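Student: I'm new to this one. Can you walk me through it?
Tutor: Sure, take a look first.

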Amino acid sequence: MSLSISSPQPTQVKVSAEEIAQSFLSPQSLKIAVDSILKVGYVILEDVVPHNVIDYLRQKMVQDSAYLIDRGRWNTVGNVTGHLNQALPPFPPYVFPEIVSNVFAAQVTQAVLGEGRFNRFYRSNTNVAGSGMQPLHWDGTEGSLVVNVSLEDITEANGSIELWPGTHLLQESSSISSEPVDNSIDELSRESRREICPPIRGNLKKGSILIRHESLWHRGMPNQSSNSRYMVAMMHYPKGTDIGSPLCFNIGCEIAFSDRVLHPNLNFLNKPIDYLETKVPFLQWMRESLYRVSPASYKFLKNFHKAL
């Protein structure tokens with residue numbers, strides 16, 4: 001399989017029935033996935049999450065997003081109308097090992113990041129019908145891998161993500177906007193890059209997993225369909241980065257993490273979790289919001305907060 005940087009299509013790994021049965025990627029499939037992430041910044045593992053799991057979770061997410069949409073909770077990059085950073089239900093029966101501990105995604109992220117990597121994020125990129133276009137941006141510079149699980153077929157019509165191949169390798173400071181707008185990419189850098197390698201759309205079949213480098217340029221695109229589009233988002237970080245606050249789930253979800261394919265960064269609570277309204281702890285807010293605006297300010301305030 002060619003990994004030409006000018007290729008107009010994302011690299012896909014068609015996981016075989018034998019690999020599914022064994023819950024393990026072959027050396028050849030794993031090499032294709034790792035080489036793609038390292039060179040172009042992303043890979044797609046095709047149809048590796050059971051559809052019955054997806055359908056059950058999606059049904060609950062539709063209910064939850066209606067609550068958030070009614071309140072106008074547009075809380076993603078640029079606060080663009082129609083894009084939700086939606087919390088996922090952290091209690092049974094909606095937490096599935098096939099998603100939170102997906103063995104194929106974990107195998108790939110281990111090969112890239114090494115042992116001891118952990119998940120520090122568990123939400124949904126929900127793209128509401130009639131949404132706008134996000135600013136072009138990158139998510140961070142800690143070397144994490146974003147793991148997206150498609151809960152339906154995702155195409156240009158319902159707002160598939162725009163990806164800019166190879167941009168995770170760019171280190172020029174001119175690639176980052178001097179204005180504090182969520183790590184946005186300035187117009188000159190964007191158009192210069194387009195001449196070298198234009199963007200592609202990350203179209204996904206239902207049950208597929210998109211793994212991309214956090215420094216890859218990307219943006220949410222308009223959803224021109226009549227229904228919201230749901231895509232689970234997790235972020236696997238390498239050992240040695242700030243582990244932050246543990247992800248909270250209710251007691252009863254332990255079995256979903258029993259395979260321990262990731263370093264545990266979990267807290268199981270015996271009380272209701274108001275996941276749609278919970279206030280974010282100060283350090284978590286800095287990491288997920290301020291860091292994306294100003295990494296230098298984040299590091300300063302983090303060290304100041306620790307010194308208190």
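**Cysteines and helices**

Tutor: This is a predicted model. Start with C253: its relative accessibility is 2%, so C253 counts as buried.
Student: And C248, what does C248 count as?
Tutor: Partly exposed, because its relative accessibility is 35%.
Student: How many disulfides does a search of the whole structure find?
Tutor: Zero.
Student: Let's switch to helices. Which residues of α3 are buried?
Tutor: V53, I54, L57, K60, M61, D64, S65 and L68. Down the axis of α3 they fall within an arc of 150 degrees, so they line one face of the helix.
Student: What do those buried residues pack against?
Tutor: Their partners include the strands β3 (83-87), β4 (118-127), β5 (145-150) and β10 (229-237). Helix α4 (97-100) is a partner too.
Student: Which exposed residues sit on the face turned away?
Tutor: N52, Q59 and D70.
Student: What follows α3?
Tutor: G72, with a positive phi near 65 degrees.
Student: Now α2. How far apart are its end C-alpha atoms?
Tutor: They are 18 Å apart. That agrees with the span expected for its 13 residues, 27-39, at 1.5 Å a residue.
Student: Which residues are buried there, in α2?
Tutor: S29, L30, A33, V34, S36 and I37. They cover an arc of only 160 degrees around the axis, which puts them on the same side of α2.
Student: What do they pack against?
Tutor: Among the partners are β1 (12-14), α1 (17-22) and α5 (103-113). The exposed P27, Q28 and K31 are on the face turned away from the buried side.

Definitions and conventions
Residues numbered from 1 in each chain as written. Predicted model: local features only at pLDDT ≥ 70, side-chain atom pairs only at ≥ 80, totals over all residues. Heavy atoms only, no water. Buried < 20%, exposed > 50% of the residue type's maximum accessible area, 1.4 Å probe, protein only. Helix = DSSP H or I, 4+ residues; strand = E, 2+ residues; numbered from the N terminus. Arc of directions from axis to C-beta. Contact = heavy atoms within 4.5 Å. Disulfide = S-S within 2.5 Å. Expected span 1.5 Å × (residues − 1).
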